[in-house]
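Let's look at a protein together and ask how its labels are earned. Have the sequence and the 3D view open as you read.

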Amino acid sequence: RQGHSISDTSTLIEDAMILSKVSQLDSAAATEYLTASMKGYKVAAQDVIDIVDKLSAVDLESATDAGGLAEAMSRPAVTADMAGVSMNRLLGYLATVGEVTQKSMSSVGESFKTIFTRMSDIKANKLELIDEDGTTEMLSDVETTLKNVGIDLRKTVNEYNNYGDVLDNLAVKWNTLTNVQQNALTKAFAGTRQGENFRVLMENYSTAIKYMGIAEDSAGTAMEKFSTYTDSVEAKINTFTAAIENLTLDT
């Protein structure tokens, strides 16, 4: 129940079951990924079906699947929300990098967790960062580097722009930057091991924007997809099996 009322628990069970069927995940994994995304983005129980809609819609349009997207989103959900990166935007990022690189979606999700964490450190003026392999790296003043290409990390002296806005602005200017500037910003935002994923995002940002829009306009997609399952032979067999089990118990 995870502390929810019986009514909300029933809703969550149904939503997890729908995700399980439309994404070919087992029920335990579907529940785990939905819970992480729901908690990370502070989504109310009655609105969790919206998450399934978004996953299903992006699945239909991209070369990624709903199960992989669900797993990937569960990894950076907390850090993304704290960074001001919406769920639609995050799904756009994940789907773009996932389909271009064809890496495991769990690793794609972890890479964005790393990127958002590093951006938080940069905002906090922590320019001595520990990379994923444990090595310490010193970064040049990233804020100054961005300012040199016309991008501000800050709205005011004490207030920063959210990460989505910063990445939007950087993507617009990406192809005008020198290789030295691109390398410096890639290293700052993603480190050595996640640099490829960051570059893929920057170079395919228009695709990410497209998938963001699809996720935003996705209401009803999950149930439409689920209806295909309920009309399938597998579903009919499962329904018949359940009826026989109920008859046996009644007898």
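Q: How much area does the protein expose, and what share of it do carbon and sulfur atoms supply?
A: In this predicted model, the protein exposes about 12,600 Å². Carbon and sulfur atoms supply 51% of that area.

Q: What share of the residues count as buried, and what makes a residue buried?
A: A residue is called buried because its relative accessible area is under 20%. Of the 251 residues in the protein, 48% count as buried.

Q: Which residues touch the most other members of the largest nonpolar core?
A: They are Y93, L170 and F189, in a core of 72 residues. Core members have to be buried and joined through side-chain atoms within 4.5 Å, so these three count as buried too. As a general background, nonpolar side chains in soluble globular proteins tend to be buried together.

Q: Which residues is F189 in contact with, leaving aside its neighbours within four places in sequence?
A: F189 is in contact with I115, R118, M119, I122, V142, L146, V166, L170 and F198. L170, in that list, is also one of the core residues named above.

Q: Why is the pairing of K225 and D59 called a polar contact?
A: Their side chains come to 3.2 Å, and the cut-off for N or O atoms is within 3.5 Å, so the pair qualifies.

Q: Where does K225 lie, and what else is it in contact with?
A: K225 lies in helix α13, residues 221-230. Beyond its neighbours within four places in sequence, K225 is in contact with V22, S56 and L60 as well as D59.

Conventions: Residues numbered from 1 in each chain as written. Predicted model: local features only at pLDDT ≥ 70, side-chain atom pairs only at ≥ 80, totals over all residues. Heavy atoms only, no water. Helix = DSSP H or I, 4+ residues; strand = E, 2+ residues; numbered from the N terminus. Polar contact = N/O pair within 3.5 Å; in protein donor to acceptor, adjacent residues only side chain to side chain. Contact = heavy atoms within 4.5 Å. Buried < 20%, exposed > 50% of the residue type's maximum accessible area, 1.4 Å probe, protein only. Areas by Shrake-Rupley, 256 points an atom, 1.4 Å probe, with all protein chains shown as cover.
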